[in-house]
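Trainee: Could you zoom in on the helix packing for me, and then on the loops with unusual backbone? I'd like one connected story, please.

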Amino acid sequence: MRALPDDKTNESAIMYAITGITGKVGGELAKTLLAQGAPVRAVVRDANKGEAWARLGCELALAGMEDAAALTKAITGATAAFILPPSDFDPEPGYPEARRVIDSVVSALKAAALERVLCLSTIGADATRDNLLSQRTLMEDALKALGMPLTILRPGWFIENALWDVPSARDAGVIYSFLQPVDKPFPMIATRDVGRVAGELIQESHRGTRIVELEGPRRVSPNDLAAAFGRALGKPVRVEIVARDGWEALFRSQGMKNPLPRISMLDGFNEGWIEFRDRGATSIKGRIDVDAVVAGLL
């Protein structure tokens, strides 16, 4: 394992610091870079979780996203950093958890003075109505204010969210959908495509802020998801809608304390106010279809 360089690292050397590397997108990004022979620094909270990446030749740096001092040390000397904010599906009102991470990231980026930054955001980060994705809006706004070369990658709904449907599809031949109506196609994307495209973007020099929207080769309806499960399982799988008027009670019964942002996000997808700027006309299209993702979940 190569040791993390000190503050005197040769600034001309290329290095990519990757946060969230133990997740699907960050991991795929790192694999893309490593396959091209690019140096990668794995920024992890837990050294044990970084061991596999160290064996692949990555440098290891320990830092939590909310620890500004550790994060500054972790990314200093890198050419570019990939910022993947942690997801909080049950945030406190006002998103204090997200704001703490944002303050830390901004402080670290100011101190590290990198050549460029790539931030994983989301479709809907430009929505004007408050919803769960507003946490990414806050991050985008804070990073834009830094004035450094910044790429904001906004992918669609992750197809891998269908992992939650595996037990009911396999056991009962049904998936339960909050996305509705069931024949409406939604912008979805495979996380492998997100990581691959991120691997291309982080290596590109540019000026200012650029926003890149990304979705799959075709839009996917709940019916399409059910059909993909059916093909993978070799049996019929149908969609059952989860009624809108029961969402809050359901989410609270599952332990959520503040389900309204999540409900608002789902409304945004269903009502169409969470969407790409031109409804996907100019978005980058991924390569991986829903069938490949669903088959890989089983």
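Mentor: Sure, let's take the helices and then the loops.

Before we start, this is a predicted model, where local features need pLDDT of at least 70 and side-chain atom pairs count only at pLDDT 80 or more, while totals for chains, interfaces and linings use all residues. Residues are numbered from 1 along each chain as its sequence is written, and side-chain values use heavy atoms, leaving out hydrogens and water.

Start with α1 (residues 24–35) and α7 (residues 191–201). Helices here are DSSP runs of H or I with at least four residues, strands are E runs of at least two, and both are numbered from the N terminus. The axes of α1 and α7 are 7 Å apart, and the two helices pack at an angle of about 45°. An axis is a line fitted to C-alpha atoms, for helices over the stretch in contact, and angles run from 0 to 180 degrees between N-to-C directions. That angle makes α1 oblique to α7: under 35 degrees is roughly parallel, over 145 roughly antiparallel, 65 to 115 roughly perpendicular, and the rest oblique. The crossing of α1 over α7 is right-handed, meaning the near helix is turned clockwise from the far one by less than a right angle (anticlockwise would be left-handed).

Who touches whom? Contact means heavy atoms within 4.5 Å. On the α1 side you'll find Lys24, Val25, Glu28, Leu29, Thr32 and Leu33, and α7 brings residues including Arg192, Val194 and Ala198. By class, this contact of α1 with α7 has five nonpolar, four polar and four charged residues. Nonpolar covers Ala, Val, Leu, Ile, Met, Phe, Trp, Tyr, Cys and Pro; charged covers Asp, Glu, Lys and Arg; the others, Gly among them, are polar.

Now look at α4 and α5 (residues 134–144), which pack at about 20° with axes 10 Å apart. That makes α4 roughly parallel to α5, again in a right-handed crossing. Among the α4 residues here are Val101, Ile102 and Val105, meeting α5 residues that include Leu138 and Met139. The contact of α4 with α5 divides into 10 nonpolar, one polar and one charged residues.

α4 (96–112) also helps cover the buried residues of α3, along with β1, β2, β3 and β4. Those buried residues are Ala70, Leu71, Thr72, Ala74 and Ile75 (buried is under 20% relative accessible area, exposed over 50%, partly exposed in between, with a 1.4 Å probe and protein chains only). Just after α3 comes Gly77, whose phi is positive, near 90°.

On to the loops. Gln180 sits between β8 (174–177) and β9 (188–189), and it counts as buried because its relative accessibility is 15%. Its neighbours, not counting residues up to four places away in sequence, are Phe186, Ile241, Val242, Trp247 and Asn270. A polar side-chain atom of Gln180 lies 3.3 Å from the backbone oxygen of Val242. Gln180 is joined to Pro181 by a cis peptide bond, with omega about 5°.

Two non-glycine residues with positive phi finish the tour. Ala113, between α4 and β5, has phi of about 55° and is exposed at 59% relative accessible area. Arg279, in the loop between α10 and β12, has phi near 55° and is exposed too, at 57%.

Note on methods: A polar contact is a pair of N or O atoms within 3.5 Å; within protein, one must be able to donate a hydrogen and the other to accept it, and residues adjacent in sequence count only if both atoms are side-chain atoms.
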